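Let's walk through this fold together, one piece at a time. Keep the view open beside you and turn it as you read.

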Amino acid sequence: MANPTIRDIRVILTEPDNIRLVIVKVETSEPGLHGVGCATFTQRPSTVAAAVDDYLRPFLIGRDVADVEDIWQSSYVSSYWRNGPVLNNALSGVDQALWDIKGKMANMPVYDLLGGKAREAAPVYVHTSGETHEEVGDKMQAFMEKGHHHIRVQMSTPGYATYGNKGATAGTGTAANRDVSQGPIAVTSWLRDYDDGRLHAHPGGVFEPKPYMRSAIGLFEYIRDRFGYGVEILHDVHERLPPILGVWFAKEVEKYQLFFLEDLFSPEDNDYFRMVREQCATPIAMGELYNSPHEIIPMIKDRLIDFLRMHMSQIGGITPAKKFAAMGELFSVRTAWHGPGDTSPVGHAANLALDINNYNFGIQEAALFGERTKDVFPGCPELRDGMMWPNGRPGLGIDVDEALAAKFPFKERAFGGAWDTVRRADGSMVKP
């Protein structure tokens, strides 16, 4: 066929299973030919939708869909000021959709367009969390019985707020500690109680670094005692530690042989990774908060991390992601694309296309989607035997049922869906 052009670009907002998802659909001049892409920035979805509707759509209508590279480059600078999660997610939605279209035109999966398979399926890691060592261990056992070899483990810190366990105490309930041998007494009054009748994206509370580190180390010790060292475990710090404590923590957990330690520092503290490299061999994963090549390139070039954890839509889609993956291969830095529930099934299909193709793939974060989400997104990648499997269909191999998606509009959330503040015992803010 003659190369079609972009006829329209539309944003689809849907929430089948309590996570706000942003999908971009690119329609072409060829009847029935369209593509879908993920632009999910679940904390600020309406701003991404506006960026697509008000700016990218009028800029791109009429363009040749074959020119993915030029469309990406020209769109990237079309706002003059560039980078950042809003503009990059908007661009990603279009970019992934254009790769989807290109695959359909060639009657090939996207991974074949990129050079074909480097593996048959992508190993994944799943998430476990709980209030006690035993609860985390029992959930881990259940995943292992289903064939999962890589498992992220998180546990509540007694008396304090905790990342990674949705059932953990939050708000004023995290200010109850009176035992100064365990941690400081919380004096801050800047905490909220949370109404169970309202949706809160991420409740706040009091977090203290040393109680957290003790509880995490105790969990690792329990898991290795219970399961041995044959199964791979991962853990996410989520940038909450003061950097020098993060250096100590990375050294202390080295003996537990984690598959990787994630987000040990915030992007603002990237230079501290040099200290970690000099003092221990704990594998480090980083990247989900990165937006700009200027943040990412030095981390690869200087081999300061072992796994690239970027959120593909946060960096602008498949077009930049494949370039970072190629650079990573040259420096033996493997990919581990961000893939929680607020990466839509379309985003997971895009992750999987690169996972299957890239020689330097490391691991893929998996989300266990609900049945409603799977119904809205026919072709959702399958998890089996601890792996994510491609379906071999042209393009990204996935679509969106718009009529069904419309039945799950966004729900009202406290603070518009913003994350509430995590604080130290004295009231000072902690990065979330």
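Begin with a small open sheet of three strands, in the order 6-15-16 and with mixed pairing. Two strands count as paired if DSSP finds at least two bridges between them. Strand 6 (205-206) and strand 16 (429-430) are at the edges with a single partner strand each, so one side of each has no neighbour in the sheet. Strand 15 (residues 422-423) runs antiparallel to strand 16, and two bridges join them. Here Arg 423 sits opposite Met 429 of strand 16. The numbering of these elements follows DSSP runs counted from the N terminus, where helices are H or I runs of at least four residues and strands are E runs of at least two.

Before going further, a word on what you are looking at. This is a predicted model, in which local features need pLDDT of at least 70 and side-chain atom pairs count only at pLDDT 80 or more, while totals for chains, interfaces and linings use all residues. Residues are numbered from 1 along each chain as its sequence is written, and side-chain values use heavy atoms, leaving out hydrogens and water.

Now find another open sheet of three strands, with the order 1-2-3 and antiparallel pairing. Strand 1 and strand 3 (34-38) are its edge strands, each pairing on one side only. On average, neighbouring strands of this sheet are turned by 20° against each other, direction ignored. Helix 1 (residues 45-60) packs on the sheet, where it touches strand 1 and strand 2, and its direction makes about 175° with that of strand 1. Helix 3 packs on the sheet too, touching strand 1, strand 2 and strand 3, with a direction at about 140° to that of strand 3. For such angles, axes are lines fitted to C-alpha atoms (for helices over the stretch in contact), and angles run from 0 to 180 degrees between N-to-C directions. Touching, or contact, means heavy atoms within 4.5 Å.

How many bridges join strand 1 to strand 2? There are eight, and the two strands run antiparallel. Among the bridge partners, Ile 9 is matched with Val 26 in strand 2, and Thr 14 with Leu 21 in strand 2. The two strands form a hairpin with six residues between them, and Asn 18 in the turn has a positive phi of about 70°. As you follow a strand, keep in mind that in a regular strand the side chains alternate between the two faces of the sheet.

Just before strand 1 (6-14) comes a segment that holds Pro 4. Is Pro 4 buried or exposed? Pro 4 is buried, because its relative accessible area is 2%, and buried means under 20%, exposed over 50% and partly exposed in between (1.4 Å probe, protein chains only). Leaving aside residues up to four places away in sequence, Pro 4 touches Thr 28, Ser 29, Glu 30, Leu 33, Arg 63, Asp 64, Val 65 and Met 105. Pro 4 and Asp 64 are 60 residues apart along the chain, yet their C-alpha atoms are separated by 6.1 Å.

Next, look at how helices meet. Two packed helices are described by the angle between their axes and the distance between the axes. The axes of helix 3 (residues 85-106) and helix 11 cross at roughly 85° and come within 8 Å. That makes helix 3 roughly perpendicular to helix 11; the cut-offs are under 35 degrees for roughly parallel, over 145 for roughly antiparallel, 65 to 115 for roughly perpendicular, and oblique for the rest. Asp 95, Gln 96 and Trp 99 of helix 3 meet Ile 318, Thr 319 and Lys 322 of helix 11.

Helix 9 (residues 293-301) packs against helix 11 (residues 318-330) at an angle of about 20°, with axes 9 Å apart. Helix 9 is therefore roughly parallel to helix 11. The contact involves Pro 293, Ile 296, Ile 297, Ile 300 and Lys 301 of helix 9, together with Phe 324, Met 327 and Gly 328 of helix 11.

Finally, visit two loops. Most residues other than glycine have a negative phi, and most peptide bonds are trans. His 238, in the loop between strand 7 (232-236) and helix 7 (243-252), has a positive phi near 65°. His 238 counts as buried, at 7% relative accessibility. Arg 303 lies in the loop between helix 9 and strand 10 (307-308) and has a positive phi of about 50°. At 44% relative accessibility, Arg 303 counts as partly exposed.
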